[in-house]
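User: This structure is new to me, and I would like to understand the reasoning behind each label used to describe it.

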Amino acid sequence: TQTIFSGIQPSGTLTIGNYLGAMKQFPELQDEYNSYFCIVDHHAITVPQDRLKLRERTRSLAAMYIACGIDPNKVTLFIQSEVPAHTELAWMLQCVASVGELERMTQFKDKSEGQESVTAGLLTYPPLMAADILLYQTDIVPVGDDQKQHIELTRNLAERFNNRYNDIFNVPDIKIQEVGARIMSLQNPTKKMSKSDDNQKATIYLLDDPKRIEKKIKSAVTDSEGIIEFDKDNKPGISNLLNIYAGFTNKSVDQIVAEYEGKGYGDFKTDLAEIVSNYISDIQQRYHELYESEELDDILDQGQEKANKVASKTLKKAKKAMGIGRVH
Ligand code: TYM
């Protein structure tokens, strides 16, 4: 069987962008693949975090994975910082990557632009991500569209390492959803929806209540034309809402456009708010049951143990190939 790996940063409450772009496909894949899902707390500290909030969000994200349909008996769910091989291999891959290629990453450029001080970790974030993926000999990485460039870099680093030292790593492929790969901000539909957006109205969180969801969708930026059709360039607002509608109903955008022919944005938004609320209320219920449970700790303990076993095996091979440490 093939292996999949994906990670999410505990840098805020999950958004419907995270869900539709990534999380939604995980339960569909877990039966078919040997699956690893990671809470990447080392990635989160590339920007300042409040320590208590970070800890809480790490636990919250673990509960959210399961609430969204991950079965801990089928997958390995674990916290990145509890598997030290990740940072060790990340260092080794930093010595394979060049500063130039890291500086060319659009996420680095976006996050560092206009900042007075940027951490070195923000620059070396992609080799850590490559380490996450390569340690498990991953075949497929299911992610949203914004991670494309990082996966491409991961492939390059794997190939470079294999050519330069020894054929250690599997070179992974990316898997992107057809609908939902890029959910945009409700307030600025040319910008992606992000869990760390300061404008709360721009983002629907998986823990929002129905009232808040309705408010946010009703105030979502559209256009003055009032015709429901998909045109990403000229009508980015309504096109984004159509994508969200499609993601939560599994209907095609064409089908939805046909259903709303002759209707206005008001009706459409009212229906969409109800669809999103109903869908995520099940997730929320499961989430709240899990968050406080001891079961969650048992699951993460098991995940840590299993991930460590697999990761340390690959790390050992990579160290040997590079000539680090003694040969046993
Ligand atoms: P993160 O935490 O920003 O996002 C988690 C997942 O959600 C996807 N995503 C979106 N999809 C659609 N529309 C959006 N607006 C949207 N926003 C986020 C992301 O593409 C991602 O799949 N670097 C990664 C975390 C990571 C990782 C990894 C992922 C670390 N190591 C190894 C895969 C494999 C990140 O910051 O995701």
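**Around the ligand**

Analyst: A nitrogen atom of the ligand is 2.7 Å from an N or O atom in the side chain of Tyr125. The model is a predicted one, in which local features need pLDDT of at least 70 and side-chain atom pairs count only at pLDDT 80 or more, while totals for chains, interfaces and linings use all residues. Residues are numbered from 1 along each chain as its sequence is written, and side-chain values use heavy atoms, with hydrogens and water left out.

User: What makes the approach of Tyr125 to the ligand a polar contact?

Analyst: A polar contact is a pair of N or O atoms within 3.5 Å (within protein, one must be able to donate a hydrogen and the other to accept it, and residues adjacent in sequence count only if both atoms are side-chain atoms). The value of 2.7 Å at Tyr125 therefore meets that limit. Oxygen atoms of the ligand meet N or O atoms in the side chain of Asn18 at 3.1 Å and in that of Asp146 at 2.5 Å. The protein covers 97% of the 710 Å² of accessible area that the ligand has on its own, by the Shrake-Rupley method with a 1.4 Å probe, where for residues only the protein chains shown count as cover.

User: Which elements supply at least two residues of the shell around the ligand?

Analyst: Strand S1 (3-8), helix H1 (16-21) and helix H9 (125-134) each do so; helices (H or I, at least four residues) and strands (E, at least two) are DSSP runs, numbered from the N terminus.

**Buried and exposed**

User: Why is Ser293 called buried or exposed?

Analyst: Buried means under 20% relative accessible area, exposed over 50%, and partly exposed in between (1.4 Å probe, protein chains only). Ser293 has a relative accessible area of 15%, so it counts as buried. It is found in the loop between helix H14 (265-291) and helix H15, and its side chain reaches the backbone nitrogen of Leu296 at 3.4 Å.

User: How do you know whether Lys316 is buried or exposed?

Analyst: Lys316, which lies in helix H15, has a relative accessible area of 55%, and this is over the limit of 50%, so it is exposed.

User: Why are the buried residues of H11 said to line one face of the helix?

Analyst: In helix H11 (residues 210-218), Ile213, Lys216 and Ile217 are buried. Seen down the axis, they fall within an arc of 95°, so they line one face; the arc is that of the directions from the helix axis to the C-beta atoms. An α-helix has 3.6 residues a turn, so residues three or four places apart point the same way. The face turned away from the buried side carries the exposed residues Lys211 and Lys215, whereas the buried residues of H11 pack against H14, where contact means heavy atoms within 4.5 Å.

**A backbone angle**

User: What makes the phi of Asn250 worth pointing out?

Analyst: Most residues other than glycine have a negative phi. The phi of Asn250 is near 60°, a positive value in a residue other than glycine. Asn250 is found in the loop between helix H12 (236-249) and helix H13 (253-259), and its relative accessible area of 62% makes it exposed.
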